Amino acid sequence: MATDLYSAFNQYFDLLPADNDQLREEVFRLRYQVYVIETGFERAEDHPNGLERDAFDERSDHYLLRHRATGVYAATARMILPNSSAPVAPFPIETHCQFHEGLDERNPVERRRLGEVSRFAVSRAFKKRVGEAGTPIGISGNVEMYFEPDERRILPHLSLGLLAVELRMMHKYGLTHCYAVMEPALYRLISRFGVTFQQIGPMIDYHGQRIPCLGDVNQFLPNIKRVARPVWDLMTDEGRYTCGTE
């Protein structure tokens, strides 16, 4: 078995762009499983075809994490992209969250390099620990449980794999900043690996407590490289996706 994080993760999982109708349908089907059936965050009657979709999907890029051995799609995430024809068109976070003063006014030039990390979803088949099953991302509130030696190689690195695909989408579209609304447990966990997002407003209650935040690749990527080089290798594909950072 591979012993370093990068090799071990890639031994078990593929990161696939959902770049055709068939793969996007897999994205929406997995989201239905997580957001409708498992967590009840969305209503089944709003998605009668068993595919969870919303108005922002047409403005998004999507990825899947596939388990190599079984071919099962383990997780998915999307990046909501800036609206090129209407740069001031809001992102979901801007309609649901209150920002700290000075952070809700971004000019159109800046917004062309801004996206929103969204719809993290991990299949229930890959949520094995107590406390994970009721959350879309599959992170227990007991963050310390993830730092036992036997846990470091793969899990909870599905969350890091999802951040890796978000970084690939940022790289593809030339984005330097990304919004996110995170579960506190995920926020604390990724911070331990050097993935620093700035909290930009008060916590909100949206299917549980959530933190509105903003990430700047020019800040968090160098920090990850300094704090946790194996995580940097995984997230950037050993430097292939760095969004222009050194």
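In what sense do β3 and β4 pair, and over how many bridges? They pair in the antiparallel sense, over five bridges. Hold on to that pairing; I will come back to it.

A word on the source. This is a predicted model.

Start with the overall picture. The protein chain has 246 residues, and 57% of them are buried. Its secondary structure comes to eight helices and eight strands. Now take the contacts with a separation of 6 or more. Residues 24 or more positions apart account for 69% of those.

Next, the strands. Begin with β1, residues 13-17. β1 pairs with β2 in the antiparallel sense, over five bridges. Within that part of the structure, Asp 14 stands opposite Arg 66 of β2.

Move on to β2 and β3. β3 covers residues 73-80, and its pairing with β2 is antiparallel too, with seven bridges. Two bridge partners to look at here. Tyr 63 is matched with Ala 77 of β3. Leu 64 is matched with Thr 76, also of β3.

The turn deserves a look. β2 and β3 form a hairpin with five residues between the strands. Gly 71 in that hairpin takes a positive phi, near 80 degrees.

Then back to β3 and β4, with their five antiparallel bridges. One pair to pick out on screen: Arg 78 has Ser 118 of β4 as its bridge partner. Remember Ser 118. We meet that residue again in the pocket.

How enclosed are these strands? Seven of the eight residues of β2 are buried, so β2 is largely enclosed by the rest of the structure. β3 is mostly covered, with eight of its eight residues buried.

Now a loop. Where does Gly 50 sit? Its place is in the loop between α2, residues 21-38, and β2, residues 60-67. Leaving aside residues up to four places away in sequence, Gly 50 touches Phe 28, Arg 29 and Tyr 32. Look at Gln 33 as well. Gln 33 and Gly 50 are 17 residues apart along the chain, and their C-alpha atoms are separated by 8.2 Å.

On to empty space. Rolling a probe the size of a water molecule over the atoms shows where such space is left.

The largest pocket has a volume of about 590 Å³. It is lined by 27 residues, and the closest to its centre are Tyr 35, Ser 118, Arg 119, Val 181 and Tyr 206. So which elements give two or more residues to this lining? They are α3 (92-96), β4 (114-122) and β5 (177-182). β4 gives the most, with five residues. And there is Ser 118 again: the bridge partner of Arg 78, and among the residues closest to the pocket centre. By class, the lining has 17 nonpolar, three polar and seven charged residues.

Cavities next. A search of the whole structure finds two of 30 Å³ or more. The second largest has a volume of about 60 Å³. Among the residues lining this second largest cavity are Val 117, Glu 166, Cys 178, Phe 197 and Met 235. Helix α5, residues 157-173, gives the most to that lining, with four residues. The classes come out as eight nonpolar, no polar and one charged.

That brings up the cysteines. How many disulfides does the structure hold? Zero. Cys 178 is in no disulfide, and the nearest cysteine sulfur, that of Cys 213, is 8.1 Å away. Why no bond for Cys 213? Because its closest cysteine sulfur, in Cys 178, is 8.1 Å off, too far for a bond. The cut-off for a disulfide is a sulfur pair within 2.5 Å. Are these two cysteines buried or exposed? Cys 178 is buried, with a relative accessible area of 2%. Cys 213 is buried as well, at 0%.

To recap. β2 pairs with β1 over five bridges and with β3 over seven. β3 then pairs with β4 over five. β4 gives the most to the lining of the largest pocket. Cys 178 helps line the second largest cavity, and the structure holds zero disulfides.

Note on methods:
Residues are numbered from 1 along each chain as its sequence is written. This is a predicted model: local features need pLDDT of at least 70, side-chain atom pairs count only at pLDDT 80 or more; totals for chains, interfaces and linings use all residues. Side-chain values use heavy atoms; hydrogens and water are left out. On a 1 Å grid over the protein atoms alone, a cavity is a set of points where a 1.4 Å probe fits but cannot get out, and a pocket is an open set with protein on both sides within 12 Å along at least five of seven lines; lining residues have an atom within 4 Å of a point. Grid points are joined across faces, edges and corners, and a volume is the space filled by probe spheres set on the points. Ala, Val, Leu, Ile, Met, Phe, Trp, Tyr, Cys and Pro count as nonpolar, Asp, Glu, Lys and Arg as charged, and the others, Gly among them, as polar. Contact means heavy atoms within 4.5 Å. Buried means under 20% relative accessible area, exposed over 50%, partly exposed in between (1.4 Å probe, protein chains only). Two strands pair if DSSP finds at least two bridges between them.
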